[in-house]
Amino acid sequence: MILVSGATGTIGSEVTRLLSGRAEAVRVMTRNPYTATFPDGIEIVRGDFDESDSLRASAEGVTTVFLLTAPGDWVPRHDKAMLDAAVAAGVTKVVKLSAIGADTTKGSWHLPGEEALQAGGLAWTILRPAGFMSNALGWAQAIRAGQPVANRTGTGAQSPIDPRDVAEVAVKALLSAEHDGRIYTLTGPECLSVPDQVAQLADALGHAVETIDIDIEEARHQMLDAGIHPSVVAVAVAGQEYVRAGHAAVLTGDAERVLNRPPRTFRDWAHDHFAAFRS
Ligand SMILES: NC(=O)c1ccc[n+]([C@@H]2O[C@H](COP(=O)([O-])OP(=O)(O)OC[C@H]3O[C@@H](n4cnc5c(N)ncnc54)[C@H](OP(=O)(O)O)[C@@H]3O)[C@@H](O)[C@H]2O)c1
């Protein structure tokens, strides 16, 4: 039995889709089991990282856990709660979704969970993806309205990865011991700045899309004004400064080695999702 946490989100829903129809039993965890929809044949359980009883029940009879905790300064606490429940239930392996730079970013939300997992006596795989290509969906509203895309990272490039590739790597790690004890830093195939990504989206859409530069302080105020939790804003701003300074222009071959094919390009992603940007 594989337990997928974060199963209604970007990565977890794709992990669930890829696991469905396979021989392995799959249980998905959500706080809202009556409103979430999943493929047929999947067991659904109500679980909340803030309610340890629900985690114990979710992990009962499970051998392998896909651990995905939602962004916020609660990540270390949520990781620990799920790991404690997993150990208590006799789970033998955990695949944790972390983030690129977890080991080098000061105050990383994911490092405590990574360390607890590595010290916990279970088999483990840690996935540290770069920024998801799907973050570009955050530009859809502006593009649909014919407005410029806010660029908070200047000419700084990142190596965005397609969430479908992250999920595919996660499924390989969940299903095979070959990836036990490995930390994979998952990047896409090329380094792209926001203007580079927007230019590729514009090609897919067949019309020009402008960008507008937003400096760090303005970005901070916009996020706080939008009601985003200050801890999330602090991490987002630190990340934007990091990218702007060029430190995120990192490529690894980990995704290609695990997938046995090159990771999808942003051009592929834009082609598959351009409808979301059409007015
Ligand atoms: N976005 C990026 O560029 C990027 C890059 C690298 C790493 N990451 C990492 O990826 C993770 C986010 O993945 P994602 O984008 O796939 O997530 P997402 O789409 O934001 O979905 C979040 C999931 O977490 C679940 N969740 C939230 N609070 C919960 C709670 N208290 N108890 C149980 N479940 C809870 C939600 O389930 P319900 O609402 O159904 O309960 C939902 O399925 C984060 O750890 C982030 O650091 C993101």
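Biologist: What makes the crossing of H2 and H3 right-handed?

Modeller: In this predicted model, the crossing of H2 and H3 is right-handed because the near helix is turned clockwise from the far one by less than a right angle.

Biologist: And why are H2 and H3 called oblique to each other?

Modeller: Helix H2 (residues 52-59) and helix H3 (residues 75-89) pack at about 45°, with their axes 8 Å apart. Angles under 35 degrees count as roughly parallel and 65 to 115 as roughly perpendicular. An angle of about 45° fits neither class, so H2 and H3 are oblique to each other.

Biologist: Which residues of H2 and H3 make the contact?

Modeller: From H2 you get Leu55, Arg56 and Ala59, and from H3 Ala81, Met82, Ala85, Ala86 and Ala89. By class, that contact of H2 with H3 has 7 nonpolar, no polar and 1 charged residues.

Biologist: Why are H8 and H9 described as roughly antiparallel?

Modeller: The axes of helix H8 (residues 216-225) and helix H9 (residues 230-244) cross at roughly 155° and come within 10 Å. Angles over 145 degrees count as roughly antiparallel, so H8 and H9 get that label. H8 also passes H9 in a right-handed crossing.

Biologist: Where do H8 and H9 meet?

Modeller: On the H8 side, look at Ile216, Ala219, Arg220, Met223 and Leu224; they meet Pro230, Val233, Ala236, Val237, Gln240, Glu241 and Arg244 in H9. By class, the contact of H8 with H9 has 8 nonpolar, 1 polar and 3 charged residues.

Biologist: How do you know how H1 lies relative to H6?

Modeller: The axes of helix H1 (residues 10-19) and helix H6 (residues 163-175) cross at roughly 55° and come within 8 Å. That makes H1 oblique to H6, because 55° is neither under 35 degrees nor in the range 65 to 115. H1 passes H6 in a right-handed crossing. Among the contact residues are Ile11, Val15 and Leu18 of H1, and Val166, Val171 and Leu174 of H6. By class, this contact of H1 with H6 has 11 nonpolar, 1 polar and 3 charged residues.

Biologist: Now the ligand. What makes the pair between His110 and the ligand a polar contact?

Modeller: A polar side-chain atom of His110 lies 2.8 Å from an oxygen atom of the ligand. The cut-off for a pair of N or O atoms is 3.5 Å, so that pair counts. Backbone atoms take part too: a polar one of Thr69 is 2.6 Å from a ligand oxygen, and a polar one of Gly9 is 3.1 Å from a ligand oxygen.

Biologist: How many residues surround the ligand?

Modeller: There are 26, and the closest are Thr8, Thr30, Arg31, Thr69 and Asn135.

Notes:
Residues numbered from 1 in each chain as written. Predicted model: local features only at pLDDT ≥ 70, side-chain atom pairs only at ≥ 80, totals over all residues. Heavy atoms only, no water. Axes fitted to C-alpha atoms, helices over the stretch in contact; angles between N-to-C directions. Helix = DSSP H or I, 4+ residues; strand = E, 2+ residues; numbered from the N terminus. Contact = heavy atoms within 4.5 Å. Nonpolar A, V, L, I, M, F, W, Y, C, P; charged D, E, K, R; others polar. Near = heavy atom within 4 Å. Polar contact = N/O pair within 3.5 Å; in protein donor to acceptor, adjacent residues only side chain to side chain.
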